[in-house]
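User: I'm new to this structure and would like to learn how its descriptions are justified. Could you walk me through a few of them?

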Amino acid sequence: MLDDPMTGLPTVADVLELPVLRLGQPAVMAADGQLSRQVRWVHVSELPDIATLLQGGELILTTGIVLPQSEQALRSYADGLADAGVAGLVIELGRRFAELPPALVRACARRDLPLVALRSEVRFVKVTEAVHSLIVDARVTALRSAEEAADLFTALCVRGAGAADIVRAVSRLTGCPVVLENLARQVLACSPADAPVEELLAGWEARSRAAEAHWVVTPVEARGRPWGRLVLVPDGETGPAVDAIMRRAATALELSRMTDPVSPERQAHRSLLTDIVGRRYTSVSEMEVRATALGVPVARRTLVAVVVRPADEDPSTVADAVRATGMRALVAPVKEGLLGVLLSLDSPGDRHRALTRLSEQILAQVPDAVTAAGPGVRGLAEVSRTFAEAEHVADAVGGEKGGKLYYELADVQLRGLLHALRDDSRLQDYVERTLGALLSYDARHDAGLLDALRAFLSDGKRNKSAAADAAHLSRQVFYQRLAAIERVLGVDLSDARTCTSLHTAIMALDVLRG
């Protein structure tokens, strides 16, 4: 944890333990629960109106020789010190008071102002020397740590660190939970320190908008325009060093935003979706609260995986399409060339309508995109299954679009099975045994027999005239090629089972060729 110019300073309790002060037999007479206050300076004064000259954080040493006698005046004296924010009041007995006036004790107790009586004489100059030495040491340490913090953030910027790295660095330096949120109060990155993530992020948007008073909040900009806020959740008071760290971190985030083509929003989506699909989490509740804090609730929702193979692989394009539908979803790459979308729907009945709207928006922005969908599931544990099916469908469809808005398992059927078996040597052997002679003949003579066979079998009706028209060949030429196919392969194209076998082999060949 970084030493802070305030948190690193000695407390009233620390001062009372100094040997030079222990000689005075100190006794705490009021506000013994406030001895953790930091002492910024020690001030020796016999003035009854010293409060107007103070800045806060001082420990006042006095013999009380000129303090007023009336109860009202003593109360005013204590109130003035408390209002000035002094750390405590130490009065040496003997010169003026044998015992501290009860009115002063009550006034200090009422204002939570630590009041200490010294029963033996001490040399105030020795006290000030000892305490000021501690203060100077604390400030030097804080300055050294601040320099180290500046060096750390500079190194992170040079290395091209992302938002999550910078947030973790702030948390490590301060020892406090830190959250980076966008202007909609959605959590882009967080480092909980020792706090449970569920506790830190629970109800985050409402808590952030309520602006809890003790939080340290620093705006984050890019090119002069605000895009987020860096929030530190301390467990006590903070001081200038924490403010300086937050400012340096905000600057590092601004540089990261300007130099990294992947925005913090997309980084947050990628990190969360990767963890969910890969089941890299120890607690479902933690992932649910992370997703909710990012603006995508997943608990007790229907979750549908969508995989997009776009001509433009920029995730922001698909993210824009999702936003245009008004739906909530995580968007991030799942594999090379594939973008994943985890849709969060109210109920299973919304699946078709949601997929239709999303596919229309995607095709409007990326006309060549292929959109594949998995089944709707309930619970994060099933997300990997719906993504596996969506990826399988996308791979099986490949680049052969059939005019559908989106594809699912029922659309790929036999082609999907062949795609799943594409690495099996038995499928490769089947293609070679069934079509090898024809492929070799085409390679030697450039006869176009495979294309003719494909045209003949593609519609399943085996209509020679229609197939010839589809192949842009005269019927005489097309019939000659069909006869050549029968001769080369030794088959009868009027046999339905033979045609089914050949059609399957052609589909498998297309899968093997990608």
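Analyst: Happy to! Two strands pair if DSSP finds at least two bridges between them. In this predicted model, 5 strands form an open sheet in the order 1-5-4-3-2, with mixed pairing. Its edge strands, each pairing on one side only, are strand 1 (26-30) and strand 2 (41-44).

User: How do you know that strand 1 and strand 5 pair?

Analyst: Strand 1 and strand 5 (residues 115-118) share 4 bridges in the antiparallel sense, and at least two are needed, so they count as paired. Valine 28, for instance, has valine 116 in strand 5 as its bridge partner. Helix 4 (residues 102-110) lies across strand 1, strand 4 (88-92) and strand 5, and runs at about 70 degrees to strand 1.

User: What makes helix 16 oblique to helix 17?

Analyst: The axes of helix 16 (residues 425-445) and helix 17 (residues 449-457) come within 8 Å and cross at roughly 130 degrees. That angle is neither under 35, nor 65 to 115, nor over 145 degrees, so helix 16 is called oblique to helix 17. On the helix 17 side, the contact is made by Leu449, Leu450 and Leu453. By class, the contact has 7 nonpolar, no polar and 1 charged residues.

User: Why is arginine 513 called exposed?

Analyst: Its relative accessible area is 58%. Exposed means over 50%, so arginine 513 qualifies. Arginine 513 is found in the segment after helix 20 (496-512).

User: Which residues does arginine 513 touch, leaving out those up to four places away in sequence?

Analyst: Arginine 513 touches Leu439 and Leu450. Both of these leucines also take part in the contact between helix 16 and helix 17.

How values were computed. Residues numbered from 1 in each chain as written. Predicted model: local features only at pLDDT ≥ 70, side-chain atom pairs only at ≥ 80, totals over all residues. Heavy atoms only, no water. Buried < 20%, exposed > 50% of the residue type's maximum accessible area, 1.4 Å probe, protein only. Contact = heavy atoms within 4.5 Å. Axes fitted to C-alpha atoms, helices over the stretch in contact; angles between N-to-C directions. Nonpolar A, V, L, I, M, F, W, Y, C, P; charged D, E, K, R; others polar.
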